[in-house]
Amino acid sequence: MTDVSRTPLTARRNGPLRGRIRVPGDKSISHRALILGAMTVGETSISGLLEGEDVHRTAAAMRALGAQVERGADGIWKVRGVGVGGFAQPHEALDFGNSGTGCRLTLGAVAGSPVTAVFDGDASLRSRPMKRVLDPLLEMGAKALEVADGGRLPLKLQGAAEPFPVVYEPPVASAQLKSAVLLAGLAAPGETTVIEAEATRDHTERMLKHFGAKISVRPTGSNDVGRRIVLQGQPELEAASVVVPADPSSAAFAIVGALIVPESEVILDAVMTNALRTGLFKTLKEMGAQIETLETRDDGGEEIADLRAKFSNLKGVEVPAERAPSMIDEYPVLAVAASFAQGQTIMRGLSELRVKESDRLEATAAMLRANGVDIAIEGDDLIVNGKGVPPAGGGQVATHMDHRIAMSALVMGLATEQPVGVDDVSFVATSFPGFPELMRSLGADLS
Ligand code: S3P
């Protein structure tokens, strides 16, 4: 279990945000690069890896499973992998701290190796559902030897030397679930198929291709909202070099900050703009945000762009449920933007927010309510009634071990009438180490 002491922080109005920054590497891609590197024979090099707490946990888990994982003096990480099915028996529990992605993807990877591993995490991760991932992995031949009540951590998983290939339709739109099945499917003979009713982030599929796996991805359903993913098992993965682009989910905080603090203008370099991740930018533009794409290019199999955001007069919009997978981590900060907008913003279909690092639907509502915003939860929808002027602020926000609640509240406090405090910023280091310093470099008052 992780024991982190609480570190409060307060955000205050302090003039415009201005400058050009690059936020740290994408968290999803960083986890995947370490895991796939560990499942490949040979040396994988990773530049731009997110050096956050969550990713360090995955690096430690890969070491415990027999891979060599090292950071060079030049900041490039090298992974010497053991090959598909080649993990060594770990001697201690794999502790994923706060990280659902690291834990769930590694469950998939271990499910296709003849080893037994104990998976654990902090109080937040111990409260999150693992049954959704265990169900297909058990179908593939892995065994859950011990599982805490309700299918949670800590749990002990015994992998299968040769898992069964499956045709799997995830009951929830979850890239973690999809990825766990695909990673287990690497060790299975024949084809493992995942049929997604709604497409979720596709970094696992792209990276599998990059490492030489045979994988096909076809759009399905009306308006091509779904995907049929077919992975050929037991491939010869080839060690590769991975370039990790800047994380759009981290860029979101500086972008929303620029939109709500008068006279701001911020440029964010090399942000990943994979369409399955950029629902927030689309929504903000619909709200009238001035977000401009300066230059686009391709790097390491992902599209990236430099983005400029300027202070904007925002208006309320309705965000359809179908957009949720492409912005699932961005609702807390979108709710902040909505609380400065003129009119009502309705965010539909947010049930998955209830099982993130905190119950993010409740935590987001509580964050806004504490700062004088008119907000309601109706079923799985979040409704924010903005008045087109900065909310009062003055609230003390409980972050519930959730990095994104902490960062959203601090961004809000840069533009509210009164300061906004958070009870604990220590979890920000899970995904965005250096967040306070980078925001201060733009002019933010965080102290
Ligand atoms: C992630 C998928 C999402 C997201 C998480 C990262 C990933 O979770 O919330 O921060 O890297 O696959 P779900 O797949 O559970 O929705």
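**Exercise 1. Place one bridge in its sheet.**
In this predicted model, which residue of strand 13 is the bridge partner of Glu196? Work outward from that pair to the sheet.

*Solution.*
Step 1. Glu196 bridges to Arg227 in strand 13.
Step 2. Identify the strand pair. Strand 11 covers residues 191-196 and strand 13 covers residues 226-232. They pair in the antiparallel sense, over six bridges.
Step 3. Add the other strands. The open sheet has four strands, ordered 10-11-13-12, with mixed pairing.
Step 4. Find the edges. Strand 10 (167-168) and strand 12 (215-220) each have a single partner strand, so one side of each lacks a neighbour in the sheet.

**Exercise 2. Add the helices to the sheet.**
Which strands does helix 6 lie across, and which does helix 7 touch?

*Solution.*
Step 1. Helix 6 (residues 175-185) lies across strand 10, strand 11 and strand 13. Helix 6 runs at about 170 degrees to strand 11.
Step 2. Helix 7 (residues 203-210) packs on the sheet and touches strand 12 and strand 13. The direction of helix 7 makes about 145 degrees with that of strand 12.

**Exercise 3. Classify a helix pair.**
Are helix 1 and helix 2 roughly parallel or roughly antiparallel? List the residues in contact.

*Solution.*
Step 1. Take the axes of helix 1 (residues 27-38) and helix 2 (residues 53-64). They come within 10 Å and cross at roughly 5 degrees.
Step 2. Angles under 35 degrees count as roughly parallel. The two helices are therefore roughly parallel to each other.
Step 3. Helix 1 contributes Lys27, Ser30, His31, Leu34, Ile35 and Ala38. Helix 2 contributes Asp54, Val55, Thr58, Ala59 and Met62.
Step 4. Sort this contact by class: six nonpolar, three polar and two charged residues.

Notes:
Residues numbered from 1 in each chain as written. Predicted model: local features only at pLDDT ≥ 70, side-chain atom pairs only at ≥ 80, totals over all residues. Heavy atoms only, no water. Pairing = 2+ DSSP bridges. Contact = heavy atoms within 4.5 Å. Axes fitted to C-alpha atoms, helices over the stretch in contact; angles between N-to-C directions. Parallel < 35°, antiparallel > 145°, perpendicular 65-115°, else oblique. Nonpolar A, V, L, I, M, F, W, Y, C, P; charged D, E, K, R; others polar.
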